[in-house]
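Student: I would like a close look at one part of this model, the packing of two helices and what surrounds them. Please take it slowly and connect the pieces.

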Amino acid sequence: MKIIAMGDIHERTGGFNILEKEISSADLVIITGDLTQFGNKEKAAMVIYSVKGINPNILAQVGNLDSLEIDAFLTRKGVNIHGSGRIIEGVGVFGCGGSGYTPFRTPVEFSEDELKTFLENGYRDVCDSPVKILICHTPPVNTKVDMIKSGAHVGSKAVRKFIEKHQPDLCITGHIHEASGEDIIGKTKVLNPGPFYEGGYVVINVEKGKAEAELRYYT
């Protein structure tokens, strides 16, 4: 099974055309959050249909710069994984959208307790799957993928504690644009490809009950 994951699109959809061959070859495409730049459901629909025109097998969730209106839109379209999960060919994909509280008071922010609840709810949907992939817009704290330019770590304590406890095979995150890269928490590989409009995405291959993931960049 091949999965393509990307996030922090912010309405810039040109990369989908550049990656058309790669996207069309995937069994599943996942948008990890921030489809829009403070946009409405129409802007989110533009992003979703840009992908669906290449590959109809898509899952998505909101980021902090989206809106709860977009969350409801994704649910109506049957693609939402925020606070829920799907098992596809033995691969459990579950999500936690939005972010923790920020100084900027962006549209979709949650308390640490709320993030914990979304994570646990999604995990329950996939706990019996042999492979588990967490799609979490906000990264776990104190990693290489949650550090802003000042050097401060701004990720979520709840997300880190969840990963330490449940050890999903992979965690694909985003949100902190300047912190693209990867890290390890226990046996969980954590990857932040950075914003898609700057070229970053993740390719996941699942074979014989094992998930491998790598960061890639288009030019």
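Tutor: What follows starts at the helix pair and moves outward to the pocket, the sheets and two loops.

The model is predicted, so local features need pLDDT of at least 70 and side-chain atom pairs count only at pLDDT 80 or more, while totals for chains, interfaces and linings use all residues. Residues are numbered from 1 along each chain as its sequence is written, and side-chain values use heavy atoms, with hydrogens and water left out.

The pair consists of helix H5 (residues 112-126) and helix H6 (residues 157-166). Helices (H or I, at least four residues) and strands (E, at least two) are DSSP runs, numbered from the N terminus. Two packed helices are described by the angle between their axes and the distance between the axes. Here the axes come within 8 Å and cross at roughly 35 degrees. Axes are lines fitted to C-alpha atoms, for helices over the stretch in contact, and angles run from 0 to 180 degrees between N-to-C directions. The crossing of H5 and H6 is right-handed, a term for the near helix being turned clockwise from the far one by less than a right angle (left-handed if anticlockwise).

On the H5 side the contact is made by Glu112, Leu115, Lys116, Leu119, Glu120 and Tyr123. They meet Lys157, Ala158, Val159, Phe162, Lys165 and His166 in H6. Contact means heavy atoms within 4.5 Å. By class, this contact has six nonpolar, one polar and five charged residues. Ala, Val, Leu, Ile, Met, Phe, Trp, Tyr, Cys and Pro count as nonpolar, Asp, Glu, Lys and Arg as charged, and the others, Gly among them, as polar.

The second largest pocket is lined by Glu112, Asp113, Lys116, Glu120, Lys157, Ala158, Lys161, Phe162 and Lys165. H5 and H6 are the elements that give two or more residues to this lining, and H6 gives the most, with five. The lining divides into two nonpolar, no polar and seven charged residues. The space in this pocket is about 170 Å³. On a 1 Å grid over the protein atoms alone, a pocket is an open set of points where a 1.4 Å probe fits, with protein on both sides within 12 Å along at least five of seven lines; lining residues have an atom within 4 Å of a point. Grid points are joined across faces, edges and corners, and a volume is the space filled by probe spheres set on the points.

H5 also packs on a sheet, touching S4, strand S5 (91-96) and strand S8 (131-136), and its direction makes about 165 degrees with that of S5. That open sheet has six strands in the order S4-S5-S8-S9-S11-S10, with mixed pairing. Two strands pair if DSSP finds at least two bridges between them. Its edge strands are S4 (85-88) and S10 (181-185), each pairing on one side only. Within the sheet, S9 (residues 170-172) and S11 (residues 188-192) pair in the parallel sense over three bridges; leucine 170 has lysine 189 in S11 as its bridge partner.

Two loop residues complete the picture. Arginine 105, in the loop between strand S6 (99-100) and strand S7 (109-110), has a positive phi of about 50 degrees although it is not a glycine. Glutamate 11, in the loop between S1 and helix H1 (14-18), has a positive phi of about 75 degrees and is not a glycine either.
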